[in-house]
Amino acid sequence: MSWSRISVYTAVVLLLSLLVAVISACAPQRGAPAPAVGPGETGFPKMTLKFNHVVARDTPKHKAAERFAQLVRERTNGAIEIQVFPNSELYKDGEEIEALQTGAIHFIAPGTDKFGVLVSEWEATALPYVFSSVEGFKQFEDPDNPVARELFEKLRPKGLLGLAIWENGWKHFSSSKRPLIVPDDFKGQKFRTSGKPDEAFVKALGGSAVVMAFSEVFSALQQGVVDGQFNTWNNIYTQKFHEVQRYATSSEGAVILLYGVATNAQWWDSLDSRTRQVLFEALKEATKYGNELAAEENRVAFEKIKASGRLEIHVQTPEEAALWRVAGEQVQREWVSQGRISQQTLQKLASLGKTR
Ligand code: LMR
């Protein structure tokens, strides 16, 4: 090869390498974080967000989350996509709070008792007989009510921010051993509970209890690790708990299952105000939709459970409820005396729904 040929060859190789370097510098890098979002055609940043939860699809929580996703998709012309993951598909109880703190996901809606691991004051909302009436917890669900807002902000030092309160329904006890009518019936029985307030309620009623992730309840009941559980008709039916239990007591008025929809505070604050606004407004509408659905979904689930003939169901009388209330109020006093919650929060919750 002559020198002139070599130099032409070298020049071509150099040119090609330069071209490859330029192209690869412009191409997205595999494994690198997603590029910083800039305003798209719609004026909204292009984002895919994750909403994790632990219950089934046929629940008020999943339906409200899907409605939220749909409204956001419509109002941002598809720029913001919210993927909803039910059934602990991504993260189970406990894990989802951590995943939200690290920013791996964007929204969760756990039972409000589950925020107790971060801020014990949240447990006030899950204590037995804490709300004086249905109007009381309905008022708590209003996103503008100051009692909920105060609790939402208390999550900030832990990296989270509360955005809305969702509802499922009243919790009811079931057992594989015997009917649960008076507190004495709880003796010698072990129950799965979702958090510390329910655990204390069972103990005050005379039974024993263990806090366990929701995803593990069915097999714990089936294998006799626990004798019973405490949940809404909707959760009992969609998880098939009634198929591995024999007795249940319908006890409206003791514990209402509420959810706190939360996001990662730092991520939320980093959004531009228009994006925050569209998310918040859509969430408000989804909240109204889901919370209006809850009572009916639970009524239907109760009918289906009765029709299945699997459970012997006792409907609690006011006299029996009065005995359970004694145990519930004992738990409220314990929570205040142990400093887990303040008397002030308890009073604020109890006074909701009362006409002045
Ligand atoms: C439970 O753990 O029993 C509930 O909090 C599950 C849920 O999210 O409804």
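Modeller: A crossover between two strands is called right-handed if, with the strands pointing away from the viewer, the path from the first strand over the helix to the second runs clockwise. Please keep in mind that everything we discuss here belongs to a predicted model.

Colleague: What makes β1, helix α2 and β2 a right-handed β-α-β unit?

Modeller: The path starts in β1, passes over helix α2 (residues 60–75) and ends in β2, and this unit is assigned as right-handed; by the definition, the path therefore runs clockwise when the strands point away from the viewer.

Colleague: How do you know that β1 and β2 pair?

Modeller: Two strands pair if at least two bridges are found between them, and strand β1 (residues 47–52) and strand β2 (residues 80–85) have 6 bridges, in the parallel sense, so they count as paired. Within this pair, L49 stands opposite I82 in β2.

Colleague: How do you know that β1 also pairs with β3?

Modeller: β1 and strand β3 (residues 107–108), which run parallel, are joined by 2 bridges, and because the definition asks for at least two, they qualify as a pair. Here F51 has F107 of β3 opposite to it.

Colleague: Which strands make up the sheet that holds β1, and what leaves some of them with a free side?

Modeller: The sheet is open, its pairing is mixed, and its 5 strands follow the order β2-β1-β3-β10-β4. β2 and β4 (160–170) stand at the edges, where each has a single partner strand, so one side of each has no neighbour in the sheet.

Colleague: What joins β10 to its partners β3 and β4?

Modeller: β10 (residues 256–264) runs antiparallel to β4, with 8 bridges between them, and it also runs antiparallel to β3, with 2 bridges. On the β4 side, A164 is partnered with V261 and I165 with G260, while on the β3 side I108 stands opposite A262.

Colleague: Why are β4 and β10 called mostly covered?

Modeller: A residue is buried if 20 or more other C-beta atoms lie within 10 Å of its own. In β4, 10 of its 11 residues are buried, and in β10 the count is 9 of its 9 residues, so both strands are described as mostly covered on the strength of that cut-off.

Colleague: Why is N77 called exposed, whereas K240 is called partly exposed?

Modeller: N77 has 12 C-beta neighbours inside 10 Å, and therefore counts as exposed, since the limit for that class is 12 or fewer. K240 has 15 other C-beta atoms within 10 Å, which lies between the limits for exposed and buried, so the word is partly exposed.

Colleague: What makes the backbone of these two residues worth a look?

Modeller: Most residues other than glycine have a negative phi. N77, in the loop between α2 and β2, has a positive phi near 50 degrees, and K240, in the loop between α8 (233–238) and β9 (247–250), has a positive phi near 65 degrees.

Colleague: Which residues have the most contacts inside the largest nonpolar core, and why is the core said to lie between two domains?

Modeller: The core has 85 residues, and those with the most contacts inside it are F68, V72, F201, V261, A262 and L283. Helix α10 (residues 273–308) gives the most to this core, with 7 residues. Domain 1 (43–167 + 258–298) and domain 2 (172–255 + 303–351) both contribute residues, so the core lies between them. Leaving aside residues up to four places away in sequence, F68 touches I82, A282, L283 and A286.

Colleague: What makes the sheet that contains β5 an open one with two edges, and what packs on it?

Modeller: Its 6 strands form an open sheet of mixed pairing in the order β7-β6-β8-β5-β9-β11. β7 (208–211) and β11 (312–315) are the edges, and because each has a single partner strand, one side of each is left without a neighbour in the sheet. Neighbouring strands are turned by 25 degrees against each other on average, direction ignored. Helix α6 (residues 196–205) packs on the sheet, touching β6 (190–193), β7 and β8, and its direction makes about 170 degrees with that of β7.

Colleague: How do you know that β5 and β8 pair inside this sheet?

Modeller: Strand β5 (residues 172–175) and strand β8 (residues 228–231) run antiparallel and are joined by 4 bridges, so they meet the requirement of at least two. S175, for example, stands opposite G228 in β8.

Technical notes: Residues numbered from 1 in each chain as written. Predicted model: local features only at pLDDT ≥ 70, side-chain atom pairs only at ≥ 80, totals over all residues. Core = buried A, V, L, I, M, F, W, Y, C linked by C-beta atoms within 7 Å. Domains from an automatic or database assignment. Contact = placed C-beta atoms within 7 Å. Axes fitted to C-alpha atoms, helices over the stretch in contact; angles between N-to-C directions.
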